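Trainee: I would like to go through this chain one question at a time. Please give the reasoning before the answer.

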Amino acid sequence: MKPRKTVYCYKKDERKAYTLLVVLIILLMFMPSKMGSSWNQFSQVNRQQLVSIIKQNHGNPKLVQAVITVESRWDTKAVSSRGAVGLMQVMPSSAKQYGFTREDLLCPAKNIEAGCLILKDYQRKSKTLMAALIKYSGGAKNYHRRVMDAMKDIKKDKENELQRETEGL
């Protein structure tokens, strides 16, 4: 005896499938886009919240902002080829030592908290900021210089923002 071929009939559900597809497309069209992850693409509220979290967790907010700029370009969903996660590109193995899980690192606030704890610890144990940043980056080439350049850019952006505000008065 030959095995019977199974024949599926999709005609009945074809209309339902198209309707569902159209509904999904419409929903996606009207959902607010969270794509794009540079610092300037955050809304004012999110920017203020992130800066507030940074200030609560580190004494030098510009340094942390520069680290985030260099590490992830403010992409909250960034994952490196080596497995570092989130804004501050924290390695799950390092975060575990400070009581954070990999899932915690996917939350921007907890990622910043974990990254700041690690960075502060490296700063405390190192003789110089350069040594702490090299340790934080895992030895990446020119990392210290890139962070310092990002800090200068942040300072320039703040100065330009203040200048625009005062011109509007």
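Trainee: Is Arg 145 buried, partly exposed or exposed?

Mentor: This is a predicted model, so the answer describes computed coordinates. Arg 145 lies in helix α8. Buried would need under 20% relative accessible area and exposed over 50%. Because its relative accessibility is 45%, Arg 145 counts as partly exposed.

Trainee: How far apart in space are Arg 145 and Met 130, C-alpha to C-alpha?

Mentor: Arg 145 belongs to helix α8. In sequence, Arg 145 and Met 130 are 15 residues apart. In space, their C-alpha to C-alpha distance is 8.7 Å.

Trainee: What is the mean pLDDT of the chain, and where is the pLDDT below 50?

Mentor: The mean pLDDT of the chain is 82, and 73% of its residues reach 70 or more. One stretch with pLDDT below 50 makes 17 contacts in the model beyond near neighbours in sequence. Where pLDDT is low, the predicted coordinates should not be read in detail. The mean is 82, and the stretch below 50 is residues 33–45.

Trainee: How many helices and how many strands does the chain have?

Mentor: Read from the N terminus, the elements run α-α-α-α-α-α-α-α. The count is therefore eight helices and zero strands.

Trainee: Which helices each supply at least two residues of the largest nonpolar core?

Mentor: The largest nonpolar core has 31 residues, and those touching the most other members are Val 67, Ile 68, Met 88, Ile 112, Tyr 136 and Val 147. Helices that each supply at least two residues of this core are α2 (44–57), α3 (61–72), α6, α7 and α8 (143–167).

Trainee: Which residues does Val 147 contact, leaving aside neighbours within four places in sequence?

Mentor: Val 147 is one of the core residues that touch the most other members. Buried residues of α3 include Leu 63, Ala 66, Val 67 and Val 70. These four are among the contacts of Val 147. The full set is Leu 63, Ala 66, Val 67, Val 70 and Leu 133.

Trainee: What span does α3 reach from its first C-alpha to its last?

Mentor: Helix α3 has twelve residues. At 1.5 Å a residue, 16 Å is expected. The span in the model is close to that, at 16 Å.

Trainee: What is the phi of Arg 73, and is the residue buried or exposed?

Mentor: Arg 73 follows α3 and sits in the loop between α3 and α4 (92–97). Most residues other than glycine have a negative phi. Arg 73 has a positive value, and its relative accessibility is 60%. Its phi is near 55°, and Arg 73 counts as exposed.

Trainee: What is the relative accessible area of Gln 89?

Mentor: Gln 89 is also found in the loop between α3 and α4. Although not a glycine, Gln 89 has a positive phi of about 50°. Gln 89 is buried, with a relative accessible area of 10%.

Trainee: Which residues does Ile 54 touch, not counting those up to four places away in sequence?

Mentor: Ile 54 is in helix α2 and is buried, with a relative accessible area of 0%. Its C-alpha is 7.5 Å from that of Glu 113, 59 residues apart along the chain. The residues Ile 54 touches are Pro 61, Val 64, Gln 65, Ile 68, Trp 74 and Ile 112.

Trainee: Why does the span of α6 agree with the expected one?

Mentor: Helix α6 has 18 residues, and at 1.5 Å a residue these should span 26 Å. The agreement follows because its end C-alpha atoms are 26 Å apart.

Trainee: Which residues form the aromatic pair, and what is its geometry?

Mentor: The structure holds one aromatic pair. Its rings are 6.5 Å apart centre to centre, with 70° between the planes. The pair links distant parts of the chain, 14 residues apart, with one partner in helix α6 (residues 108–125) and the other in helix α7 (residues 129–137). The partners are Tyr 122 and Tyr 136, and the geometry is edge-to-face.

Trainee: Are Tyr 122 and Tyr 136 buried or exposed?

Mentor: Buried means under 20% relative accessible area. Tyr 122 has 15% relative accessibility, and Tyr 136 has 12%. Both therefore count as buried.

Terms used:
Residues numbered from 1 in each chain as written. Predicted model: local features only at pLDDT ≥ 70, side-chain atom pairs only at ≥ 80, totals over all residues. Heavy atoms only, no water. Phe/Tyr/Trp six-rings, centres within 6.5 Å; stacked < 30°, edge-to-face > 60°. Helix = DSSP H or I, 4+ residues; strand = E, 2+ residues; numbered from the N terminus. Buried < 20%, exposed > 50% of the residue type's maximum accessible area, 1.4 Å probe, protein only. pLDDT = per-residue confidence, 0-100. Contact = heavy atoms within 4.5 Å. Core = buried A, V, L, I, M, F, W, Y, C linked by side-chain atoms within 4.5 Å. Expected span 1.5 Å × (residues − 1).
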